[in-house]
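Thank you for making time for this. I would like to walk you through one structure slowly, beginning with the whole chain and then stopping at a few individual residues.

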Amino acid sequence: QVQLVESGGGYVQAGGSLRLSCAASGRTFSTGWFRQAPGKEREFVVVSRIDGTTRYTESAKGRFTISRDNAANLLYLQMNSLKPDDTAVYYCAASHRVDAARGEGEYAYWGQGTQVTVSS
């Protein structure tokens with residue numbers, strides 16, 4: 001069992017930046033971020049795999065950067081040029097699959113989420 005704890009959410013004005021962190025209690029092969037905006041379904045944002053490959057959703061490309069510290073079991077999400085549409089609860093997710101992608105069912109472990117609010 002792997003526990004995930006997110007931190008770093010908060011309130012920021014449009015155009016600002018935030019960095020989210022996710023601490024894992026154990027090692028997994030793919031770790032990523034999902035988000036759920038008010039009244040919407042949870043959606044995929046980005047994944048980082050153990051082989052170094054990443055996959056971003058289109059809206060995150062060029063603005064968000066995922067990184068990981070495998071030795072410390074830490075995952076980060078640097079979010080720049082934030083928009084009000086980025087407002088959501090952001091969830092860290094981890095998988096034992098080496099090729100996890102955008103499907104929620106590919107991830108066995110989930111954090112409790114951290115709120116990100118972007119004002120216009």
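Let us begin with the overall make-up: the protein chain contains zero helices and 11 strands, and when you read along the sequence the pattern is β-β-β-β-β-β-β-β-β-β-β. The radius of gyration of the protein chain is 13 Å, which is close to the 14 Å that the globule rule gives for 120 residues, so the chain is as compact as a globular protein of that length. Please keep in mind throughout that this is a predicted model, and that every value I quote has been computed from it.

As for dimensions, the C-alpha trace of the protein chain spans about 40 × 25 × 25 Å along its principal axes. Of the 120 residues in the protein chain, 44% are buried. If we take the contacts in the protein chain that have a separation of 6 or more, residues 24 or more positions apart account for 59% of them.

Turning to the surface, the protein chain exposes about 6,100 Å², and carbon and sulfur atoms supply 46% of that area. The chain carries 13 positive and 11 negative charges, and the mean positions of these two sets are 3 Å apart.

Now to the cross-link. How many disulfides does the count come to? The count comes to one disulfide, and the pair that forms it is Cys 22 and Cys 92, with their sulfur atoms 2.0 Å apart. This pair links distant parts of the chain, since Cys 22 sits in strand E3, residues 18–24, while Cys 92 sits in strand E9, residues 88–95, and the two cysteines are 70 residues apart. The link of Cys 22 and Cys 92 is left-handed, with -80 degrees about the S-S bond, and both Cys 22 and Cys 92 are buried.

Next, a word on backbone angles. Most residues other than glycine have a negative phi. With that in mind, look at Asn 73, whose phi is near 55 degrees, a positive value in a residue other than glycine. Asn 73 is placed in the loop between strand E7 (64–69) and strand E8 (74–79), and with a relative accessible area of 23% Asn 73 is partly exposed. Ser 81 also has a positive phi without being a glycine, here near 50 degrees. Ser 81 is found in the loop between E8 and E9, and at 41% relative accessibility Ser 81 counts as partly exposed.

Let me now move to Thr 57, which is placed in the loop between strand E6 (54–56) and E7. Is Thr 57 buried or exposed? Its relative accessible area is 16%, and because buried means under 20%, Thr 57 counts as buried. Not counting residues up to four places away in sequence, Thr 57 touches Phe 44, Val 45 and Arg 102. Thr 57 and Arg 68 are 11 residues apart along the chain, and their C-alpha atoms are separated by 18 Å.

The contact with Arg 102 takes us to another part of the chain, for Arg 102 lies in the loop between E9 and E10. Leaving aside its neighbours within four places in sequence, Arg 102 is in contact with Phe 34, Phe 44, Tyr 56 and Thr 57. Although Arg 102 and Val 47 are 55 residues apart along the chain, their C-alpha atoms are separated by 7.7 Å.

Tyr 107 lies in the loop between E9 and strand E10 (109–110), and with a relative accessible area of 5% Tyr 107 is buried. Once its neighbours within four places in sequence are set aside, Tyr 107 has contacts that include Ser 30, Gly 32, Phe 34, Phe 44, Val 47 and Ala 93. The C-alpha atoms of Tyr 107 and Leu 77, which are 30 residues apart along the chain, are separated by 18 Å.

The last residue I want to show is Gly 105, which lies in the loop between E9 and E10. At 81% relative accessibility, Gly 105 counts as exposed, whereas Tyr 107 is buried. Gly 105 and Ser 95 are 10 residues apart in sequence, and from C-alpha to C-alpha they are 9.4 Å apart in space.

Notes. Residues numbered from 1 in each chain as written. Predicted model: local features only at pLDDT ≥ 70, side-chain atom pairs only at ≥ 80, totals over all residues. Heavy atoms only, no water. Helix = DSSP H or I, 4+ residues; strand = E, 2+ residues; numbered from the N terminus. Rg over C-alpha atoms; globule rule 2.2 N^0.38 Å. Buried < 20%, exposed > 50% of the residue type's maximum accessible area, 1.4 Å probe, protein only. Contact = heavy atoms within 4.5 Å. Areas by Shrake-Rupley, 256 points an atom, 1.4 Å probe, with all protein chains shown as cover. Lys, Arg positive; Asp, Glu negative; His and termini not counted. Charge placed at Lys NZ, Arg CZ, Asp CG, Glu CD. Disulfide = S-S within 2.5 Å.
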